[in-house]
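I opened this notebook to record what I looked up in the structure. The entries follow the order of my reading.

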Amino acid sequence: MIPLKSKEDLGVLRISGKILAKVLKNIQELVKPGITTEQIDRLAEELILKGNALPAFKGYRGFPGCVCTSVNEEIVHGIPGPRRLLEGDVLSLDLGVNYKGYFSDAAVTLAVGNINSKAKKLIDVTKKSLWEGIKQAQVNNNLSDISYSIQNYVEKNGFSVVRQFVGHGIGLSLHEDPEIPNFGRPHEGPVLKSGMVLAIEPMVNMGTWESEIGDNGWTAVTKDRLPSAHFEHTVAITEKGPEILTNV
């Protein structure tokens, strides 16, 4: 069953999303060649705590960091550490915030210095595919309308969507029903209702959609080791249309 959020719930979720958006904006300013992923993670935790919130990912199912820092062929769940970013890398930052028991989740992919044109296109297409999905987050649409619009846009541009990891409901828990695949046929699945809150998050690969889990037991990587990109927003379904809770 997909939980519906009350007006009061949405009020607190807006604060959670605003804290997250501000932190995500600030940590992006650190991204340059030579910085370590651990330094990014440390700043994120400091800023979240200053916002009177908690990092939602740290300790979740044993995850050791506040931010998922996924580089190049890493799709999601990259663990922050001593790795230094290099010119030409592609870095995905995925961040969650817990504010008074209300959760928000967002992700962005960035170029580290100058990157090649195909990697730049990958980032642009992934970002635009998120907006294509958000446009379908309307009352009385089906959930799969979001999924289909993302897949259609991505594949039209020559890339592939990850199957192993999907978006999800969010609010009073980090992961709630429903699961939101980034692929599928339109006009299927649950009907969207006002009060639903969804974390919509296309993960897009330059090559094959296939993925596998790395040696650390956490980080998903592309099977062909080509780069991947990831964008995400927490979105409320309202009678007036989709409301993005994690927009800067």
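Entry 1. I note that the model is predicted. I began with Gly133 and asked which residues it touches once its neighbours within four places in sequence are left aside. I found contacts with Ile146, Ser149 and Ile150. I then located Gly133 in helix H3, which covers residues 117-135. Is Gly133 buried or exposed? Its relative accessibility is 0%, and buried means under 20%, so I recorded Gly133 as buried. I also looked up its spacing from Ser149: the two residues are 16 apart along the chain, and their C-alpha atoms are separated by 5.7 Å.

Entry 2. I turned next to Ile146, one of the contacts of Gly133. With sequence neighbours within four places set aside, Ile146 is in contact with Gly133, Gln136, Ala137, Ile180, Leu192, Leu198 and Ile200. Ile146 also appears in the largest nonpolar core, which has 53 residues. Ile27, Leu93, Ile146 and Ile200 are the residues with the most contacts inside that core. I noted a second, separate core of 14 residues, with Leu13, Cys68, Ile170 and Leu174 among them.

Entry 3. I examined a pair of helices. Two packed helices are described by the angle between their axes and the distance between the axes. For helix H1 (residues 7-28) and helix H2 (residues 37-50), the axes come within 10 Å and cross at roughly 150°. An angle over 145 degrees counts as roughly antiparallel, and H1 and H2 are therefore roughly antiparallel to each other. Their crossing is right-handed. Which residues meet there? From H1 I listed Val23, Asn26 and Ile27, and from H2 Ile40, Leu43, Ala44, Leu47 and Ile48. By class, this contact has 7 nonpolar residues, 1 polar residue and no charged residues. Ile27 had already appeared in Entry 2 among the residues with the most contacts inside the largest core.

Entry 4. I looked up the backbone angles last. Most residues other than glycine have a negative phi, and most peptide bonds are trans. Asn52 has a positive phi, near 60°, and is not a glycine. Asn52 is in the loop between H2 and strand E1 (54-55), and it is exposed, with a relative accessible area of 63%. Lys100, also not a glycine, has a positive phi of about 55°. Lys100 lies in the loop between strand E4 (90-99) and strand E5 (102-111). Its relative accessible area is 65%, so I recorded Lys100 as exposed. Where is the cis peptide bond that I noted? It joins Asp177 and Pro178, with omega about 5°. Pro178 is placed in strand E8 (residues 176-180).

Technical notes
Residues numbered from 1 in each chain as written. Predicted model: local features only at pLDDT ≥ 70, side-chain atom pairs only at ≥ 80, totals over all residues. Heavy atoms only, no water. Axes fitted to C-alpha atoms, helices over the stretch in contact; angles between N-to-C directions. Helix = DSSP H or I, 4+ residues; strand = E, 2+ residues; numbered from the N terminus. Parallel < 35°, antiparallel > 145°, perpendicular 65-115°, else oblique. Left-handed = near helix turned anticlockwise from the far one by under 90°. Contact = heavy atoms within 4.5 Å. Nonpolar A, V, L, I, M, F, W, Y, C, P; charged D, E, K, R; others polar. Core = buried A, V, L, I, M, F, W, Y, C linked by side-chain atoms within 4.5 Å. Buried < 20%, exposed > 50% of the residue type's maximum accessible area, 1.4 Å probe, protein only.
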